[in-house]
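Please look through the sequence and the model below before reading on. The paragraphs that follow move from the cysteines to the metal site, and then to the domains, the helices and some backbone details.

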Amino acid sequence: MTVLPRFETSIDPVKLEKLAEVAVQVGLRLERGQDLVMTAPMAALPLARLITKHAYMAGAGIVTTFFADEDMTLSRYAHAPDESFDKASGWLYDGMAKAFENGAARLAIAGDNPMMLSAQDPAKVARANKANSMAYKPALEHISNFDINWHICSYPNPAWARLVFPGLAEEEAVKKLADAIFAASRVDVADPIAAWGDHNAQLRSRSTWLNGERFSALHFTGPGTDLRVGLADGHEWHGGASVAKNGITCNPNIPTEEVFTTPHALKVEGTVSSTKPLSHQGTLIDDIQVRFEGGRIVEAKASKGEEVLQKVLDTDEGARRLGEVALVPHSSPISASGILFYNTLFDENASCHIALGQCYSKCFLDGASLSQEQITAQGGNSSLIHIDWMIGSDKVDIDGVRADGSVTPVMRGGEWV
Ligand code: ZN
Ligand code: ZN
């Protein structure tokens with residue numbers, strides 16, 4: 001039984017504090033007087049404490065943290081009555097939505113055991129996820145519409161570290177995962193805040209180039225992949241720091257290496273194969289192969305976790321369509337580390353990826369002023385889910401295709417041309 005974090009000692013305390021400082025100063029840019037709603041796994045208590053400290057040092061109004069615990073979650077699957085799996089704590093999410101409407105920022109510490117639910121009944125997992133997604137929707141919309149500054153960072157939970165480094169003793173695995181998180185999050189340098197300034201400028205130059213090209217589609221080719229991803233009308237590329245509707249420039253994800261935009265929900269054609277396993281709510285889905293027609297997945301298979309994949313695709317109509325396409329060079333630091341993190345926050349930044357489900361309204365020109373109807377009319381997808389999976393490698397080429405049919409190479413062998 002896991003009770004309290006036990007391996008703080010194997011995690012570099014100076015770098016952990018820098019991670020907390022970067023989360024508050026770069027990730028959130030928390031403003032003086034702003035409230036903060038934080039969620040974290042119980043194992044991440046040391047980081048949650050440091051983030052709370054730096055939030056108050058930055059002038060936070062009130063920091064409210066909700067912890068989740070693996071044993072408590074598994075107790076539900078072991079002992080709860082069947083009807084429990086259609087329930088969610090809607091009152092809590094309503095309260096979060098209210099906090100965001102009143103100006104609060106949102107921070108999530110990732111680091112749950114990725115395999116936590118792998119031995120549980122996939123039907124129960126899917127029902128619980130669906131109930132949770134529906135209850136969370138009003139609060140999540142403030143995040144996906146980018147109404148507020150929000151941020152996700154991560155903590156090397158021992159259960160996660162054992163999965164990433166199965167051959168090592170737990171304490172050594174935690175140390176290695178911590179160091180990998182610190183490197184990917186650029187907090188292992190003398191001045192992490194300056195390093196993030198440079199990195200954000202580089203990502204901005206990529207998205208500025210893509211916005212200037214006005215491609216109408218991207219064409220991915222590689223082993224098992226021949227996919228044409230139409231881009232939404234009036235799509236806009238983003239990457240690195242961006243401005244929330246409350247006027248605060250934040251870095252929602254750390255680490256981040258991607259530039260991304262909104263595909264057209266009705267204009268995706270062809271086949272695509274995943275290049276890395278997808279860890280979804282405790283299940284590993286591997287060797288995904290899907291075929292799109294008119295933007296909709298009409299065939300899907302996976303060598304592992306196919307049952308879970310099919311349940312994901314059946315969540316709602318938008319779950320079979322794309323809500324994001326993102327470009328990441330194969331030489332990104334996370335890819336170069338060679339580590340499979342079993343965590344989308346990291347693995348999506350090792351590789352080009354697409355996401356099933358909900359699009360980001362900020363990935364449209366003037367996105368803040370568009371209604372839901374306009375976003376749909378321009379090709380933006382909507383769904384209860386948003387699940388990224390990796391389709392890039394050093395064997396994948398990408399061309400940009402313009403409306404007049406002219407083609408410009410964008411990536412060759414996984415690298416920017
Ligand atoms: Zn992405
Ligand atoms: Zn995504």
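How far is the sulfur of cysteine 153 from the closest cysteine sulfur? In this predicted model, the closest one belongs to cysteine 250 and lies 13 Å away, which is too far for a bond. A disulfide would require the two sulfur atoms to be within 2.5 Å, and by this rule the count comes to zero disulfides. Seen from the other side, cysteine 250 is likewise in no disulfide, with the sulfur of cysteine 153 as its nearest cysteine sulfur. Cysteine 153 is buried at 1% relative accessibility, and cysteine 250 is buried at 0%.

The metal site can be taken next. The zinc ion (ligand 1) has as its protein donors Glu258 (OE), Glu324 (OE), Glu348 (OE) and His353 (NE2), which lie 2.0 to 2.5 Å from the ion. Along the chain these donors follow the spacing E-x65-E-x23-E-x4-H. The arrangement counts as irregular because the four donor atoms subtend angles of 71 to 149° around the zinc ion (ligand 1), whereas a tetrahedral assignment would need all angles to lie between 85 and 135 degrees. A second zinc ion (ligand 2) is placed 3.4 Å from the zinc ion (ligand 1), and glutamate 324 coordinates both. Glutamate 258 sits in the loop between strand 9 (249-250) and strand 10 (259-261), while histidine 353 belongs to strand 17 (residues 353-357), so this pair ties together parts that are 95 residues apart in sequence. Both glutamate 258 and histidine 353 are buried.

The loop between strand 9 and strand 10 also holds proline 255, which is joined to isoleucine 254 by a cis peptide bond with omega at about 5°.

On the scale of the whole chain, the protein is divided into domain 1 (6-184) and domain 2 (215-247 + 258-416). Their centres, taken over C-alpha atoms, are separated by 24 Å, and 33 residues of domain 1 are in contact with 27 residues of domain 2.

Helix 7 (residues 170-184) has 15 residues and reaches 21 Å from its first C-alpha to its last, close to the 21 Å expected at 1.5 Å a residue. Its buried residues are Glu170, Ala173, Val174, Leu177, Ala178, Ala180, Ile181, Phe182 and Ala184. The elements that cover these buried residues include helix 1 (13-28), strand 4 (150-154), helix 6 (158-164), helix 10 and helix 11 (344-347). Following helix 7 comes arginine 186, whose phi is positive, near 55°.

Helix 10, one of the elements covering helix 7, spans residues 333-337 and contains serine 335. Serine 335 is buried, with a relative accessible area of 15%, and, leaving aside its neighbours within four places in sequence, this residue is in contact with His330 and Ala350. In the loop that lies between helix 10 and helix 11 one finds tyrosine 342, which has a positive phi of about 55° although it is not a glycine.

A further non-glycine residue with a positive phi is phenylalanine 146, at about 60°. Phenylalanine 146 is found in the loop between helix 5 (122-144) and strand 4, and at 4% relative accessibility this residue counts as buried.

How values were computed
Residues numbered from 1 in each chain as written. Chains lettered and ligands numbered in written order. Predicted model: local features only at pLDDT ≥ 70, side-chain atom pairs only at ≥ 80, totals over all residues. Heavy atoms only, no water. Buried < 20%, exposed > 50% of the residue type's maximum accessible area, 1.4 Å probe, protein only. Helix = DSSP H or I, 4+ residues; strand = E, 2+ residues; numbered from the N terminus. Contact = heavy atoms within 4.5 Å. Expected span 1.5 Å × (residues − 1). Donors = N, O, S within 2.8 Å, 3.2 Å for Na, K, Ca; no water. Tetrahedral: all angles 85-135°; square planar, octahedral: opposite > 155°, others 65-115°. Domains from an automatic or database assignment.
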